[in-house]
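Trainee: Please choose one part of this protein and take a close look at it with me. I would like to follow how that part is built and how it connects to what surrounds it.

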Amino acid sequence: MYDNLIHSHEEDVKGRNIIEAIEWMRQNGIQSYRVLNHSEIEAWLVRSPVVVQVHWTPELALLQPRCIYSGPANPAAFEHGFKHAMLVVGFATAFADGRQRYYWLVGNSHGEHRGENGYYRIDRELCHGRYLVEDAVGLDVLTWRLG
C-alpha cells in the first residue's frame, strides 16, 4: 500500500493524509468506511478500533508509562510536529493532576518499546483549540479481494 500512496521524496518525508490512504484501501478491497467526528469515536469503538491521525510532537515520544499526554505546552509545537496514523483501541478515565481526566488508549506502530508496551494515553480534551486525535475513520468491514 505504501508504494501506491507515496510518489516522491517530499511526500515520504511529509506523509500523506489518512483519508487518502483509507480511500485507496476502499478502491482496492476494503468494503466501506466512515469518516467520524470527534464525538462519534467512542460509540464506534463498540464495533472496532478507529484509525486516527495524532499530532505527533517530540514530547509525545518521551511520554512515560501511565501518563496522559495532554499536548505541547507551546502551541507552536503543532506547526513543527507532524501527523502520525495510530489506532484508537479504547478509552478510559483516570484521576490525575487533581482532576478526573478522560483519555483515548491509542496503539502505535513504533513497537512495544514506546509508551506502555506500544500504547499511549492521549487526552480527549482540546489543547490550544484543537484535538490531539483527529481525522478519525471507522472501518465497517476489512475484507480484501484476493487475486
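Mentor: With pleasure! We will look at a pocket, so a word on that first: a pocket is an open set of grid points with protein on both sides within 12 Å along at least five of seven lines, and its lining residues have an atom within 4 Å of a point. Please keep in mind that this is a predicted model.

Our part is the second largest pocket, with a volume of about 160 Å³. Its lining is made up of Val-51, His-84, Ala-85, Met-86, Leu-87, Val-89, Gly-107, Asn-108, Ser-109 and Tyr-119. The biggest share, 5 residues, comes from strand 4, which spans residues 82-96. Let us visit the strands around this pocket one at a time.

Val-51 belongs to strand 2. Seen along this strand, Val-51 points to one side together with Gln-53 and His-55, while Val-50, Val-52, Val-54 and Trp-56 point the other way. Is strand 2 enclosed by the rest of the structure, or open to the outside? Because 7 of its 7 residues are buried, the strand is largely enclosed. Buried here means a relative accessible area under 20%.

How does strand 2 meet strand 4? The two pair in the antiparallel sense over 7 bridges, and one place to see this is Trp-56, which stands opposite Phe-82 of strand 4.

Now follow strand 4 onward to its next partner. It runs antiparallel to strand 5, with 9 bridges joining them. Among the facing residues is Ala-92, opposite Tyr-103 in strand 5. Strands 4 and 5 form a hairpin with 2 residues between them, and Asp-97 in the turn has a positive phi of about 55 degrees.

At its other end, strand 5 brings us back to the pocket. Strand 5 pairs with strand 6 in the antiparallel sense over 5 bridges, and Gly-107 has Tyr-119 of strand 6 as its bridge partner. Both Gly-107 and Tyr-119 are in the pocket lining, so this bridge is a handy landmark to find on your screen. The loop between strand 5 and strand 6 holds Asn-117. Asn-117 is not a glycine, yet its phi is positive, at about 55 degrees. With 58% relative accessibility, Asn-117 counts as exposed.

Next, let us see what these strands give to the interior. The largest nonpolar core has 22 residues, and Ile-41, Val-50, Val-52, Val-54, Val-88 and Val-133 are the ones that touch the most other members. Helix 4, strand 2, strand 4, strand 5, strand 6 and strand 7 each give two or more residues to this core. Strand 2 gives the most, with 4 residues.

Val-133 is a good residue to click on. Beyond its neighbours within four places in sequence, Val-133 is in contact with His-38, Ile-41, Val-52, Gln-53, Val-54, Val-88, Trp-104 and Ile-122. Strand 7, where this core residue sits, covers residues 133-141. In strand 7 you will also find Asp-135, which has a positive phi near 50 degrees although it is not a glycine. Asp-135 counts as partly exposed, at 27% relative accessibility.

Let us step back to the whole chain. It has 6 helices and 7 strands, and from the N terminus their order is α-α-α-β-α-β-α-β-α-β-β-β-β. Of its 147 residues, 37% count as buried. Among contacts with a separation of 6 or more, 64% link residues 24 or more positions apart.

Finally, how far can you trust what you see? The average pLDDT of the chain is 78, and 75% of the residues score at least 70. Strand 5, one of the strands we followed, has the highest mean among the elements, 93, while helix 1 has the lowest, 44. Residues 1-6 have a pLDDT below 50, although the model gives this stretch 13 contacts beyond near neighbours in sequence. At the other end, residues 142-147 also stay under 50, with 12 contacts beyond four places in sequence. Where pLDDT is low, the predicted coordinates should not be read in detail.

Key. Residues are numbered from 1 along each chain as its sequence is written. This is a predicted model: local features need pLDDT of at least 70, side-chain atom pairs count only at pLDDT 80 or more; totals for chains, interfaces and linings use all residues. Side-chain values use heavy atoms; hydrogens and water are left out. A nonpolar core is a set of buried Ala, Val, Leu, Ile, Met, Phe, Trp, Tyr and Cys residues joined through side-chain atoms within 4.5 Å. Buried means under 20% relative accessible area, exposed over 50%, partly exposed in between (1.4 Å probe, protein chains only). Contact means heavy atoms within 4.5 Å. pLDDT is the predictor's confidence in each residue, from 0 to 100. Two strands pair if DSSP finds at least two bridges between them. On a 1 Å grid over the protein atoms alone, a cavity is a set of points where a 1.4 Å probe fits but cannot get out, and a pocket is an open set with protein on both sides within 12 Å along at least five of seven lines; lining residues have an atom within 4 Å of a point. Grid points are joined across faces, edges and corners, and a volume is the space filled by probe spheres set on the points.
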